[in-house]
Amino acid sequence: MRGAGGGANLLALRSHNTALVLDLLRTAGPEGISRLELAERTGLTPQAVSKITARLREQGLAAEAGRRASTGGKPRTVLRLVPEAGHAVGVHLDRDELRAVLADLDGTVVARRHAPLDLGAGAEAVLTRVAAVVEELEAELPAGGSLLGAGAALPGPLDHRRGVLHRVTGFPEWDGFPLRDALSARLGGVPVVVDKDTNAVALGLAVGGEGGSFAYLHLGTGLGAGLVIGGSVHRGPRTGAGEFGHQVVQLDGPPCGCGDRGCVEALCLAAVARGETAEAARVLGTGAANLVGLLDIDRVLVGGRTVEGAPEVFVSGVRGVLEARARRTGEGDVGVAVVSGEGRVAEGAAQLVLAPVFGQDG
(Lines give C-alpha, C1' and ligand atoms only; values in the text may rest on other atoms or scores of the structure.)
Protein backbone atom coordinates (compact mmCIF):
# COMPACT_ATOMS: atom_id res chain seq x y z
CA MET A 1 0.00 0.00 0.00
CA ARG A 2 1.26 3.45 -0.85
CA GLY A 3 2.79 5.24 2.13
CA ALA A 4 3.25 2.13 4.24
CA GLY A 5 6.92 1.81 3.47
CA GLY A 6 7.97 5.40 2.90
CA GLY A 7 7.75 8.79 4.49
CA ALA A 8 7.64 9.20 8.25
CA ASN A 9 8.11 6.08 10.33
CA LEU A 10 5.56 5.83 13.13
CA LEU A 11 7.87 4.00 15.52
CA ALA A 12 10.65 6.53 14.93
CA LEU A 13 8.25 9.35 15.82
CA ARG A 14 7.12 7.77 19.06
CA SER A 15 9.90 9.01 21.29
CA HIS A 16 9.22 11.29 24.21
CA ASN A 17 11.51 14.11 23.08
CA THR A 18 10.31 14.02 19.49
CA ALA A 19 6.72 14.11 20.71
CA LEU A 20 7.46 17.19 22.83
CA VAL A 21 8.90 19.01 19.83
CA LEU A 22 6.12 17.94 17.47
CA ASP A 23 3.43 19.04 19.92
CA LEU A 24 4.97 22.50 20.23
CA LEU A 25 5.30 22.77 16.45
CA ARG A 26 1.64 21.87 16.09
CA THR A 27 0.39 24.30 18.74
CA ALA A 28 2.55 27.10 17.29
CA GLY A 29 0.53 26.93 14.08
CA PRO A 30 1.59 28.44 10.74
CA GLU A 31 3.59 31.22 12.44
CA GLY A 32 6.05 28.63 13.75
CA ILE A 33 8.48 28.51 16.63
CA SER A 34 12.25 28.88 16.87
CA ARG A 35 14.70 26.19 17.94
CA LEU A 36 15.69 28.31 20.94
CA GLU A 37 12.06 28.52 22.06
CA LEU A 38 11.70 24.76 21.55
CA ALA A 39 14.71 24.17 23.79
CA GLU A 40 13.44 26.56 26.47
CA ARG A 41 9.92 25.08 26.53
CA THR A 42 10.91 21.41 26.38
CA GLY A 43 13.93 21.57 28.67
CA LEU A 44 16.02 19.88 25.99
CA THR A 45 19.48 21.08 25.03
CA PRO A 46 19.80 23.17 21.86
CA GLN A 47 21.87 20.36 20.37
CA ALA A 48 19.13 17.80 21.02
CA VAL A 49 16.50 20.11 19.52
CA SER A 50 18.67 20.67 16.43
CA LYS A 51 19.01 16.91 15.89
CA ILE A 52 15.29 16.30 16.31
CA THR A 53 14.24 19.16 14.04
CA ALA A 54 16.80 18.15 11.40
CA ARG A 55 15.31 14.67 11.34
CA LEU A 56 11.77 16.05 11.17
CA ARG A 57 12.73 18.32 8.28
CA GLU A 58 14.37 15.41 6.49
CA GLN A 59 11.13 13.44 6.87
CA GLY A 60 9.14 16.39 5.59
CA LEU A 61 7.25 16.85 8.87
CA ALA A 62 8.74 20.27 9.66
CA ALA A 63 9.67 23.21 7.45
CA GLU A 64 10.97 26.74 7.77
CA ALA A 65 8.31 29.37 8.40
CA GLY A 66 10.52 32.41 7.92
CA ARG A 67 12.68 34.41 10.28
CA ARG A 68 11.88 36.31 13.45
CA ALA A 69 13.76 39.23 14.93
CA SER A 70 15.69 38.36 18.08
CA THR A 71 16.67 40.51 21.06
CA GLY A 72 20.28 40.28 19.97
CA GLY A 73 22.34 38.71 17.22
CA LYS A 74 21.00 37.42 13.91
CA PRO A 75 17.29 36.75 13.32
CA ARG A 76 16.05 33.33 14.37
CA THR A 77 14.73 30.83 11.88
CA VAL A 78 11.31 29.58 12.90
CA LEU A 79 9.92 26.15 12.07
CA ARG A 80 6.38 24.94 11.57
CA LEU A 81 4.65 21.59 11.36
CA VAL A 82 3.75 20.34 7.87
CA PRO A 83 0.30 18.81 8.52
CA GLU A 84 -0.02 17.27 5.06
CA ALA A 85 3.19 15.26 5.50
CA GLY A 86 1.55 12.60 7.67
CA HIS A 87 -1.93 11.11 7.78
CA ALA A 88 -3.97 8.52 9.63
CA VAL A 89 -7.08 6.64 8.64
CA GLY A 90 -9.83 6.30 11.23
CA VAL A 91 -12.43 3.59 10.76
CA HIS A 92 -15.70 3.21 12.68
CA LEU A 93 -17.09 -0.31 12.49
CA ASP A 94 -20.67 -0.16 13.71
CA ARG A 95 -23.05 -3.09 13.69
CA ASP A 96 -24.62 -1.98 10.41
CA GLU A 97 -22.39 0.66 8.83
CA LEU A 98 -18.80 1.69 8.24
CA ARG A 99 -17.54 5.26 8.39
CA ALA A 100 -13.95 6.18 7.65
CA VAL A 101 -11.87 9.36 7.45
CA LEU A 102 -8.41 10.38 6.29
CA ALA A 103 -6.97 12.99 8.66
CA ASP A 104 -3.72 14.96 8.52
CA LEU A 105 -1.35 15.60 11.42
CA ASP A 106 -3.53 18.45 12.68
CA GLY A 107 -6.50 16.09 12.78
CA THR A 108 -8.14 17.91 9.88
CA VAL A 109 -10.29 15.51 7.88
CA VAL A 110 -9.35 15.61 4.19
CA ALA A 111 -11.53 12.73 2.93
CA ARG A 112 -14.49 10.65 4.14
CA ARG A 113 -16.19 7.38 3.25
CA HIS A 114 -19.52 5.87 4.37
CA ALA A 115 -20.81 2.42 3.45
CA PRO A 116 -23.21 -0.24 4.77
CA LEU A 117 -21.65 -3.02 6.85
CA ASP A 118 -22.87 -6.25 8.38
CA LEU A 119 -20.67 -6.88 11.42
CA GLY A 120 -22.15 -10.36 11.60
CA ALA A 121 -21.05 -11.29 8.08
CA GLY A 122 -17.80 -12.77 9.38
CA ALA A 123 -14.19 -11.64 9.67
CA GLU A 124 -13.25 -12.22 6.03
CA ALA A 125 -16.09 -10.11 4.66
CA VAL A 126 -15.55 -7.31 7.17
CA LEU A 127 -11.77 -7.19 6.65
CA THR A 128 -12.23 -7.11 2.88
CA ARG A 129 -14.62 -4.18 3.14
CA VAL A 130 -12.38 -2.25 5.55
CA ALA A 131 -9.26 -2.84 3.44
CA ALA A 132 -11.04 -1.59 0.32
CA VAL A 133 -12.13 1.61 2.05
CA VAL A 134 -8.68 2.25 3.53
CA GLU A 135 -7.10 1.80 0.10
CA GLU A 136 -9.59 4.29 -1.37
CA LEU A 137 -8.62 6.85 1.26
CA GLU A 138 -4.92 6.15 0.92
CA ALA A 139 -5.19 6.91 -2.79
CA GLU A 140 -6.13 10.46 -1.76
CA LEU A 141 -2.86 11.09 0.08
CA PRO A 142 -1.16 14.21 -1.26
CA ALA A 143 2.16 13.91 -3.03
CA GLY A 144 4.85 13.28 -0.43
CA GLY A 145 2.34 12.39 2.25
CA SER A 146 2.65 9.19 4.24
CA LEU A 147 0.18 6.97 6.04
CA LEU A 148 1.25 6.65 9.67
CA GLY A 149 -1.35 4.04 10.54
CA ALA A 150 -5.01 3.15 10.84
CA GLY A 151 -7.24 3.28 13.88
CA ALA A 152 -10.25 0.97 14.11
CA ALA A 153 -13.04 1.67 16.59
CA LEU A 154 -16.00 -0.61 17.24
CA PRO A 155 -18.31 -1.77 20.03
CA GLY A 156 -16.61 -3.50 22.96
CA PRO A 157 -15.63 -5.28 24.99
CA LEU A 158 -12.11 -5.74 23.63
CA ASP A 159 -8.44 -5.80 24.59
CA HIS A 160 -7.03 -2.46 23.46
CA ARG A 161 -3.40 -3.38 24.10
CA ARG A 162 -3.43 -6.58 22.04
CA GLY A 163 -6.10 -5.49 19.58
CA VAL A 164 -8.16 -8.59 20.29
CA LEU A 165 -11.96 -8.54 20.41
CA HIS A 166 -14.01 -10.11 23.17
CA ARG A 167 -17.66 -11.08 23.04
CA VAL A 168 -19.15 -8.10 21.20
CA THR A 169 -22.79 -7.90 22.30
CA GLY A 170 -24.90 -9.61 19.65
CA PHE A 171 -21.86 -10.93 17.76
CA PRO A 172 -20.29 -13.74 19.83
CA GLU A 173 -18.43 -15.06 16.80
CA TRP A 174 -15.91 -12.21 17.13
CA ASP A 175 -14.81 -13.38 20.58
CA GLY A 176 -11.02 -13.76 20.58
CA PHE A 177 -10.49 -12.43 17.05
CA PRO A 178 -7.08 -10.64 16.66
CA LEU A 179 -8.44 -7.68 14.70
CA ARG A 180 -5.33 -5.51 14.99
CA ASP A 181 -2.92 -8.07 13.55
CA ALA A 182 -5.37 -9.38 10.96
CA LEU A 183 -6.19 -5.90 9.66
CA SER A 184 -2.53 -4.83 9.64
CA ALA A 185 -1.67 -7.89 7.57
CA ARG A 186 -4.51 -7.16 5.16
CA LEU A 187 -3.23 -3.58 4.81
CA GLY A 188 0.29 -4.67 3.93
CA GLY A 189 1.86 -4.04 7.33
CA VAL A 190 0.35 -0.61 8.06
CA PRO A 191 0.32 -0.14 11.86
CA VAL A 192 -3.18 -0.59 13.31
CA VAL A 193 -4.64 0.46 16.67
CA VAL A 194 -7.95 -1.00 17.88
CA ASP A 195 -10.18 0.50 20.57
CA LYS A 196 -13.80 0.85 21.58
CA ASP A 197 -15.91 3.40 19.72
CA THR A 198 -16.61 5.27 22.95
CA ASN A 199 -12.92 5.56 23.84
CA ALA A 200 -12.16 6.87 20.36
CA VAL A 201 -14.68 9.69 20.74
CA ALA A 202 -13.47 10.45 24.27
CA LEU A 203 -9.89 10.68 23.04
CA GLY A 204 -10.91 12.96 20.19
CA LEU A 205 -12.72 15.23 22.62
CA ALA A 206 -9.75 15.35 25.01
CA VAL A 207 -7.32 16.11 22.19
CA GLY A 208 -9.72 18.78 20.92
CA GLY A 209 -9.60 20.66 24.22
CA GLU A 210 -12.30 19.08 26.41
CA GLY A 211 -10.44 19.27 29.70
CA GLY A 212 -10.86 17.78 33.16
CA SER A 213 -12.76 14.57 33.84
CA PHE A 214 -15.84 13.62 31.86
CA ALA A 215 -17.88 10.72 30.57
CA TYR A 216 -18.97 10.38 26.98
CA LEU A 217 -22.11 8.24 26.67
CA HIS A 218 -22.73 6.84 23.19
CA LEU A 219 -26.23 5.62 22.37
CA GLY A 220 -26.59 4.21 18.89
CA THR A 221 -27.16 0.56 18.05
CA GLY A 222 -25.77 -0.10 21.53
CA LEU A 223 -24.76 1.88 24.61
CA GLY A 224 -21.28 2.45 25.99
CA ALA A 225 -19.11 5.03 27.72
CA GLY A 226 -15.73 6.60 27.20
CA LEU A 227 -14.17 7.89 30.41
CA VAL A 228 -11.57 10.64 30.63
CA ILE A 229 -10.06 11.08 34.08
CA GLY A 230 -7.62 13.93 34.60
CA GLY A 231 -7.22 14.46 30.88
CA SER A 232 -6.44 10.83 29.97
CA VAL A 233 -8.69 8.09 28.64
CA HIS A 234 -9.33 5.58 31.43
CA ARG A 235 -9.31 2.02 30.09
CA GLY A 236 -8.40 0.06 33.22
CA PRO A 237 -5.70 -2.59 33.67
CA ARG A 238 -7.53 -5.00 31.34
CA THR A 239 -8.69 -2.13 29.05
CA GLY A 240 -12.27 -3.12 29.88
CA ALA A 241 -13.50 0.11 31.46
CA GLY A 242 -16.53 1.83 29.99
CA GLU A 243 -18.94 -1.10 29.60
CA PHE A 244 -21.55 1.34 30.82
CA GLY A 245 -24.50 -0.17 28.97
CA HIS A 246 -24.34 -3.42 30.88
CA GLN A 247 -24.81 -2.11 34.40
CA VAL A 248 -27.96 -3.67 35.84
CA VAL A 249 -30.48 -1.11 37.04
CA GLN A 250 -33.59 -3.32 37.16
CA LEU A 251 -33.34 -6.72 38.79
CA ASP A 252 -35.18 -9.36 36.75
CA GLY A 253 -35.71 -6.75 34.03
CA PRO A 254 -35.90 -7.48 30.31
CA PRO A 255 -33.16 -9.70 28.86
CA CYS A 256 -30.12 -7.99 27.32
CA GLY A 257 -27.98 -9.20 24.44
CA CYS A 258 -25.10 -9.59 26.88
CA GLY A 259 -26.94 -12.42 28.65
CA ASP A 260 -27.91 -10.46 31.76
CA ARG A 261 -31.25 -8.81 32.55
CA GLY A 262 -32.28 -5.23 33.28
CA CYS A 263 -29.21 -3.56 31.76
CA VAL A 264 -29.26 0.16 30.99
CA GLU A 265 -28.70 -0.65 27.32
CA ALA A 266 -31.64 -3.03 27.11
CA LEU A 267 -33.96 -0.59 28.86
CA CYS A 268 -32.81 2.37 26.76
CA LEU A 269 -33.12 0.59 23.43
CA ALA A 270 -36.50 -0.89 24.37
CA ALA A 271 -37.83 2.57 25.22
CA VAL A 272 -36.49 3.95 21.94
CA ALA A 273 -38.14 1.10 20.02
CA ARG A 274 -41.48 1.96 21.67
CA GLY A 275 -41.06 5.60 20.68
CA GLU A 276 -40.70 6.63 24.33
CA THR A 277 -37.65 8.86 23.89
CA ALA A 278 -38.17 10.74 27.16
CA GLU A 279 -38.16 7.43 29.05
CA ALA A 280 -34.96 6.38 27.26
CA ALA A 281 -33.39 9.68 28.31
CA ARG A 282 -34.47 9.13 31.93
CA VAL A 283 -32.90 5.66 31.95
CA LEU A 284 -29.72 7.06 30.42
CA GLY A 285 -29.70 9.74 33.11
CA THR A 286 -30.03 7.09 35.82
CA GLY A 287 -26.93 5.35 34.52
CA ALA A 288 -25.14 8.69 34.22
CA ALA A 289 -25.99 9.52 37.85
CA ASN A 290 -24.37 6.25 38.91
CA LEU A 291 -21.20 7.27 37.07
CA VAL A 292 -21.18 10.72 38.64
CA GLY A 293 -21.56 9.17 42.08
CA LEU A 294 -18.74 6.69 41.47
CA LEU A 295 -16.22 8.91 39.71
CA ASP A 296 -17.11 12.51 40.67
CA ILE A 297 -16.70 13.64 37.06
CA ASP A 298 -17.14 17.22 35.86
CA ARG A 299 -19.35 16.70 32.79
CA VAL A 300 -21.53 14.18 31.02
CA LEU A 301 -21.48 14.32 27.23
CA VAL A 302 -23.97 12.33 25.17
CA GLY A 303 -23.88 11.36 21.51
CA GLY A 304 -24.54 8.66 18.95
CA ARG A 305 -27.13 8.39 16.20
CA THR A 306 -30.03 7.74 18.58
CA VAL A 307 -29.21 10.79 20.68
CA GLU A 308 -28.77 12.93 17.58
CA GLY A 309 -32.32 12.04 16.54
CA ALA A 310 -33.67 13.93 19.57
CA PRO A 311 -30.78 15.81 21.21
CA GLU A 312 -32.89 18.23 23.25
CA VAL A 313 -34.93 15.39 24.75
CA PHE A 314 -31.85 13.46 25.80
CA VAL A 315 -30.03 16.45 27.25
CA SER A 316 -33.13 17.50 29.17
CA GLY A 317 -33.78 13.98 30.47
CA VAL A 318 -30.22 13.30 31.58
CA ARG A 319 -29.87 16.75 33.10
CA GLY A 320 -33.11 16.33 35.02
CA VAL A 321 -31.91 13.13 36.71
CA LEU A 322 -28.51 14.65 37.52
CA GLU A 323 -30.05 17.82 38.94
CA ALA A 324 -32.35 15.77 41.15
CA ARG A 325 -29.32 13.86 42.41
CA ALA A 326 -27.46 17.12 43.10
CA ARG A 327 -30.38 18.42 45.17
CA ARG A 328 -30.39 15.25 47.26
CA THR A 329 -26.64 15.20 47.84
CA GLY A 330 -26.02 18.94 48.08
CA GLU A 331 -23.29 18.65 45.46
CA GLY A 332 -22.84 21.06 42.55
CA ASP A 333 -24.51 20.48 39.20
CA VAL A 334 -22.75 18.42 36.56
CA GLY A 335 -22.79 19.85 33.05
CA VAL A 336 -24.59 17.94 30.28
CA ALA A 337 -24.12 18.52 26.55
CA VAL A 338 -24.57 16.79 23.21
CA VAL A 339 -21.60 15.76 21.09
CA SER A 340 -22.84 16.00 17.51
CA GLY A 341 -21.38 14.81 14.23
CA GLU A 342 -21.86 11.46 12.51
CA GLY A 343 -18.12 11.07 11.89
CA ARG A 344 -17.04 11.56 15.52
CA VAL A 345 -16.08 7.93 16.09
CA ALA A 346 -14.06 7.68 12.87
CA GLU A 347 -12.31 10.97 13.63
CA GLY A 348 -11.50 9.73 17.13
CA ALA A 349 -10.21 6.48 15.63
CA ALA A 350 -7.72 8.51 13.57
CA GLN A 351 -6.56 10.13 16.82
CA LEU A 352 -5.70 6.66 18.16
CA VAL A 353 -2.80 6.89 15.71
CA LEU A 354 -2.14 10.64 15.73
CA ALA A 355 -2.39 11.52 19.43
CA PRO A 356 0.60 9.40 20.57
CA VAL A 357 2.78 11.09 17.94
CA PHE A 358 2.32 14.30 19.94
CA GLY A 359 2.73 12.64 23.32
CA GLN A 360 -0.97 12.49 24.07
CA ASP A 361 -2.95 9.53 25.33
CA GLY A 362 -3.73 7.15 22.47
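**Exercise 1. Find which element gives the largest share of the lining of the largest pocket, and describe that lining.**

Step 1. Start with the elements. In this predicted model, helix 12 gives the largest share of the pocket lining, five residues. Strand 5 (97-104), helix 7 (197-207) and helix 12 each bring at least two.

Step 2. Now look at the whole lining. It has 16 residues, and those nearest the pocket centre are Gly 107, Gly 204, Val 207, Gly 208 and Gln 351.

Step 3. Sort the lining by type: seven residues are nonpolar, five polar and four charged. The space they line has a volume of about 260 Å³.

**Exercise 2. Work out how many cavities of 30 Å³ or more there are, and what lines them.**

Step 1. Count them: you get two.

Step 2. Take the largest cavity, with a volume of about 170 Å³. It is lined by 17 residues, and Pro 155, Gly 156, Asp 197, Leu 223 and Gly 224 are the closest to its centre. Helix 7 and strand 12 each supply at least two lining residues. By type, the lining splits into two nonpolar, nine polar and six charged.

Step 3. Move on to the second largest cavity, which holds about 40 Å³ of space. Among its lining residues are Val 292, Leu 322, Arg 325 and Asp 333. Helix 11 (residues 311-329) gives the most here, three residues. This lining divides into four nonpolar, one polar and three charged.

**Exercise 3. Decide whether Gly 222 is buried or exposed, and find what it touches.**

Step 1. Locate the residue: Gly 222 sits in the loop between strand 11 (214-219) and strand 12 (223-229).

Step 2. Check the cut-off. Buried means under 20% relative accessible area. Gly 222 has 9% relative accessibility, so it counts as buried.

Step 3. List its contacts. Leaving out residues up to four places away in sequence, Gly 222 touches Arg 95, Glu 265 and Leu 269.

**Exercise 4. Describe the largest nonpolar core, then look for a second one.**

Step 1. Begin with a rule of thumb: in soluble globular proteins, nonpolar side chains tend to be buried together.

Step 2. The largest core here has 47 residues; Val 21, Leu 25, Leu 38, Leu 56, Leu 105 and Leu 205 touch the most other members. Helix 12 (residues 344-357) makes the largest share of this core, nine residues.

Step 3. Zoom in on Val 21. Skipping residues up to four places away in sequence, Val 21 touches Leu 38, Leu 44, Ile 52, Thr 53 and Leu 56.

Step 4. Then there's a second, separate core of 33 residues, including Leu 117, Leu 119, Val 168 and Phe 171.

Technical notes:
Residues numbered from 1 in each chain as written. Predicted model: local features only at pLDDT ≥ 70, side-chain atom pairs only at ≥ 80, totals over all residues. Heavy atoms only, no water. Core = buried A, V, L, I, M, F, W, Y, C linked by side-chain atoms within 4.5 Å. Buried < 20%, exposed > 50% of the residue type's maximum accessible area, 1.4 Å probe, protein only. Helix = DSSP H or I, 4+ residues; strand = E, 2+ residues; numbered from the N terminus. Contact = heavy atoms within 4.5 Å. 1 Å grid on protein atoms, 1.4 Å probe; cavity = no way out; pocket = protein on both sides within 12 Å on 5 of 7 lines; lining within 4 Å. Points joined across faces, edges and corners; volume = space filled by probe spheres on them. Nonpolar A, V, L, I, M, F, W, Y, C, P; charged D, E, K, R; others polar.
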